[in-house]
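Please look through the model below with these numbered notes beside you. They move from one helix to another, then to the core and the sheets.

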Amino acid sequence: MSIADSRERIVARDVLSGDVVAITIKEDRIVSLERETAGFRQVSDDRLPWIAPALCDIQVNGYGGHDFTAPDVSPEDVWAVAEKMFAAGVTRFLPTITTHSREVMIHAVRTIAQAVNEYPPLVDAIPGIHLEGPYISPEDGPRGAHPREHVRPPDWEEFCQLQEAAAGLIRLITLSPEYPEAVPFIETAVANGVIVAIGHTAATSRQLEEAVSAGAQLSTHLGNGCHLMLPRHPNYLWHQLADDRLWASFIFDGHHLPQDFMMVALRAKGIARSILISDVTALAGMPPGIYRTPLGEVEMLPEGRLVVAGQRQLLAGAAQPLVTGVVNAIRLTGCSVADAFRMASVNPRALLGLPPVVFQPGASPEFILLDVNPELVNDQLFPRSERTKKAALWSESGMVCMEEEPVLKIQKVYFQGERYPL
Ligand SMILES: [Zn+2]
């Protein structure tokens with residue numbers, strides 16, 4: 001429902017500071033803010049909702065049957081995904097176009113630009129497009145599910161065609177620096193205001209070093225899109241984990257990375273350089289069953305694990321919303337609630353150069369109200385110097401965290417004068 005004409009007072013606990021805040025909203029603006037700097041003391045005594053800055057997801061391939069890289073994707077598809085994102089607490093996201101023919105990729109980016117023109121909320125909601133490929137590794141493993149026939153070396157002229165079709169919206173590109181064309185491409189892209197990420201790569205340490213020196217800033221879904229077997233060292237995982245100039249994005253959906261890797265990767269990168277992504281594909285949000293896709297038959301298992309049909313191990317993409325990554329960061333890595341939200345909201349905005357969400361008079365409300373289970377987060381409210389690996393229940397796949405009780409649940413999302421779910 002619209003909050004444009006109403007006056008609303010919200011009393012909630014700020015996930016980042018622990019303070020109790022009282023916010024009054026009128027005519028789509030925050031008109032007053034009172035803050036009681038209680039910190040996280042006495043959390044278990046109250047039953048206040050929690051308030052968090054809305055999430056920002058830099059990797060969304062589609063949702064609910066709508067695929068951004070589909071040859072016939074329409075502006076209506078883009079809007080349909082956006083509405084699902086808002087309801088899931090994500091108010092800013094980068095539609096992500098994956099490796100395909102030039103024609104299909106041009107159609108995809110043009111359609112997104114068109115959608116931003118046709119649906120006013122998308123001007124803010126889509127601060128850019130993420131191009132994941134086609135300039136990635138052709139090797140099995142690093143290539144992931146990207147079709148080999150469309151993988152190609154970096155080509156600035158082609159990128160300019162795509163950027164023109166996208167009306168300048170391409171903000172992030174994930175590529176592999178294993179090509180001789182990579183360094184000049186990265187330098188030119190960065191000079192033109194495009195953020196360059198390293199991903200789906202089989203690059204050597206030297207190639208990685210040169211890519212970062214040329215301006216690459218991020219490792220895309222570090223730990224995934226890799227060979228099944230790697231030399232113990234050196235290898236591209238160690239190199240990227242160790243390079244403090246690189247931020248890293250992670251899929252903490254409970255299926256893509258084991259707990260050990262999540263804990264070690266966060267220690268190596270630090271919270272400040274870590275970003276959670278959903279990497280959701282078009283099949284996210286669909287009921288369990290077998291689906292025919294351009295990549296073959298895939299199956300959505302009842303626990304939300306998306307696999308190549310006929311087996312349970314080989315993943316066919318991600319299907320969990322970003323908030324699941326927040327929950328898994330809290331439950332499985334021992335990071336604080338505040339840090340989990342930093343990685344899913346504050347940090348991705350900073351990477352994209354977006355202003356941070358503020359709860360202050362004059363600002364447009366852009367936040368999530370949450371039910372947080374105080375018993376489950378009580379010992380995780382403060383960042384700790386030592387983490388203990390927590391006992392988690394694992395499914396037969398060895399990855400899934402079986403939640404007995406939800407750590408947190410989205411109640412309402414406020415964005416651009418609307419309250420979601422509508
Ligand atoms: Zn990928």
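**Notes on the model**

1. Just after helix α8 comes G270, a residue whose phi is positive, near 80°. Helices here are DSSP runs of H or I with at least four residues, strands are DSSP runs of E with at least two, and both are numbered from the N terminus. The model is predicted, so local features need pLDDT of at least 70 and side-chain atom pairs count only at pLDDT 80 or more, while totals for chains, interfaces and linings use all residues. Residues are numbered from 1 along each chain as its sequence is written.

2. Within helix α8, which spans residues 259–269, the buried residues are Q259, M262, A265, L266 and K269. A residue is called buried if 20 or more other C-beta atoms lie within 10 Å of its own, exposed if 12 or fewer, and partly exposed in between, with C-beta atoms placed from the backbone. These buried residues lie on the same side of α8 because they cover an arc of only 135° around the axis, the arc being that of the directions from the helix axis to the C-beta atoms. An α-helix has 3.6 residues a turn, so residues three or four places apart point the same way. On the face turned away from the buried side, D260 and R267 are exposed.

3. What do the buried residues of α8 pack against? Their partners are α7 (236–242), β13 (247–250), β14 (274–276) and α9 (322–333), where a contact requires the C-beta atoms of two residues, placed from the backbone, to lie within 7 Å.

4. Helix α4, residues 156–165, can be read in a similar way, with F159, L162, Q163 and A165 buried. Those residues cover an arc of only 160° around the axis, which puts them on the same side of α4, whereas E157 and C160, on the other side, are exposed. The buried residues of α4 pack against α2 (102–118), β9 (129–132) and β10 (170–175). After α4 comes A167, with a positive phi near 55°.

5. The largest nonpolar core has 113 residues, of which V109, I112, F250, L276 and V326 touch the most other members. Such a core is a set of buried Ala, Val, Leu, Ile, Met, Phe, Trp, Tyr and Cys residues joined through C-beta atoms within 7 Å. This core lies between domain 1 (7–52 + 360–420) and domain 2 (55–352) because both give residues to it; the bounds come from an automatic or database domain assignment. Leaving aside neighbours within four places in sequence, V326 is in contact with L276, A340, F341 and A344.

6. One open sheet has seven strands in the order β3-β2-β1-β4-β18-β19-β20, with mixed pairing. Its edge strands, β3 (29–36) and β20 (418–420), each pair on one side only; two strands pair if DSSP finds at least two bridges between them. Strands β1 (7–14) and β2 (20–26) pair in the antiparallel sense over seven bridges, and R7 stands opposite K26 in β2.

7. Another open sheet has three strands, ordered β15-β16-β17, and its pairing is antiparallel. The edge strands are β15 (289–293) and β17 (306–308), each pairing on one side only. Between β16 (296–300) and β17 there are three bridges in the antiparallel sense, and E299 stands opposite V307 in β17.

8. For the protein chain as a whole, there are 11 helices and 20 strands, and buried residues make up 49% of the 422 residues.
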